[in-house]
Amino acid sequence: MARSDAAALTIAIDAMGGDHAPGAIVEGACLAVAELGCRVLLVGDEAAIRGCLPDGVPDGVEIRSTTQVIGMADEPGAAVRKKKDASVVRAAEAVRDGRADAMVGAGNTGATMAAALLRYGRIRGAARPAIGVPIPVPFAAPHLLVDGGATVDCSPEWLVQFAQMGRAYARLRLGVDEPTVGLLSNGEEPGKGDELRKQTYALLDGNPWFVGNVEGRDLMSGHPHVVVTDGFTGNIAVKTVEGALKAAAGLVFTTLGSTPEAKAAAEVVAPLLLQGVTDYLDPDTIGGAPLLGVKGVCVISHGSSSARAIVNAVRLAVDCVDGGFVDRMQAAIVDHDDAARRPPADVADREEAHAG
């Protein structure tokens, strides 16, 4: 159900997750309270968190002390199962138990996803979760790539669900009434792609919102609104875009400093370029990506998140709660096929075993 009062919302934040934790995470949490008017629950090593608060714990901030941390090198499923007092696990439990309305994590992406999946559970009918990653589009709203890395091995039916959930999220986040969906492949023609792509195409074909196959070059074009793929390919695509943007920015700014004439021009051009990068291409502006298909709001932030990125991640979490995100995902799942609704028995058994 939608919530309209941000001050009534509490966002649990894994204070120990991320390259710049806990300093940048704590700073961002405090800024979020001041700017958004929500409350935050900082979960992690209490002494370390308090060390980042020289003036004491401000109003609107609460600390939940934990004794364990899941690192970037830890195997996600095993770590969530074994480290029951890890900050990311306790943050997910805070949402499950009603102490928080959503969670934000910038640490180990797999562990954040696993903690949310195993502590929240899936929404009814959802086979597997997916990450809805916003792909920046210069001078326009972003489009969404689903899945950005949550489920690497997919069935065609699961990709259909990703398309349905992606459309629901695009309505909420992009404000588009009838979002279009494309299937990421190695060519635009219907017969292109591996068996997964071909079978998924056949299931999606005929829907008025399905535009067919799209290629990697269509990313950052803004068309279609949602690009759907498996988490393995999607994660590679997202990181390729990130790397290309960094390389392009480095080339431009190196060139602007290469000669006295270029440096003189840079005095005028560089501020405009920097503003454009900040407005449209800086991942800190986006803040994070939601996990689709679980019974709660979980925003996954970049590992190198700054304080500003955490503010925007909290903003996204508040917007998702306020916009009835989980209900929208539930309504998007078409209850048409047992194979689409349920994961294979071995996956279900592993999830059940890890849920304790």
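**Exercise 1. Determine how strand 7 and strand 8 pair, and over how many bridges.**

Solution. Strand 7 and strand 8 are joined by four bridges and run in the parallel sense; two strands count as paired if DSSP finds at least two bridges between them. Strands (E, at least two residues) and helices (H or I, at least four) are DSSP runs, numbered from the N terminus. Within this pairing, Leu-184 stands opposite Val-214 of strand 8. The chain passes from strand 7 to strand 8 by way of helix 7 (residues 195–204), and this β-α-β crossover is right-handed. A crossover has that hand if, with the strands pointing away from the viewer, the path from the first strand over the helix to the second runs clockwise.

The model is predicted: local features need pLDDT of at least 70 and side-chain atom pairs pLDDT 80 or more, whereas totals for chains, interfaces and linings use all residues. Residues are numbered from 1 along each chain as its sequence is written, and side-chain values use heavy atoms, without hydrogens and water.

**Exercise 2. Place strand 8 in its sheet and state whether strand 8 is enclosed or open.**

Solution. First, the sheet is open and consists of eleven strands in the order 3-2-1-4-11-10-5-6-9-7-8, with mixed pairing. Its edges are strand 3 (61–65) and strand 8 (210–214), each of which pairs on one side only. Neighbouring strands are turned against each other by 25 degrees on average, direction ignored. Next, four of the five residues of strand 8 are buried, so strand 8 is largely enclosed by the rest of the structure. Buried means under 20% relative accessible area, exposed over 50%, and partly exposed in between (1.4 Å probe, protein chains only). Elsewhere in the sheet, strand 6 (residues 140–146) and strand 9 (residues 226–228) run parallel and share three bridges; Leu-144 has Val-226 in strand 9 as its bridge partner.

**Exercise 3. Identify the strands that helix 6 lies across.**

Solution. Helix 6 (residues 156–174) lies across strand 5, strand 6, strand 7 (181–184), strand 9 and strand 10, at about 155 degrees to strand 6. Such angles run from 0 to 180 degrees between N-to-C directions, the axes being lines fitted to C-alpha atoms, for helices over the stretch in contact. Contact means heavy atoms within 4.5 Å.

**Exercise 4. Explain why the buried residues of helix 12 lie on the same side.**

Solution. In helix 12 (residues 325–332), the buried residues are Phe-325, Met-329 and Ala-332. They cover an arc of only 65 degrees around the axis, which puts them on the same side of helix 12; the arc is that of the directions from the helix axis to the C-beta atoms. An α-helix has 3.6 residues a turn, so residues three or four places apart point the same way. The buried residues of helix 12 pack against helix 6, strand 10, strand 11 and helix 11 (307–322).

**Exercise 5. Describe the salt bridges that involve Arg-315 and Asp-319.**

Solution. A salt bridge is a side-chain nitrogen of Lys or Arg within 4 Å of a carboxyl oxygen of Asp or Glu; the structure holds 15. Arg-315 meets Glu-35 at 3.7 Å, N to O. This pair links helix 11 to helix 1 (residues 23–36), with its residues 280 apart in the chain. Arg-315 is partly exposed at 30% relative accessibility, and Glu-35 is partly exposed at 40%. Asp-319 pairs with Arg-173, the closest N and O atoms being 3.1 Å apart. Here helix 11 is linked to helix 6, across 146 residues. Asp-319 is partly exposed at 33%, as is Arg-173 at 36%.
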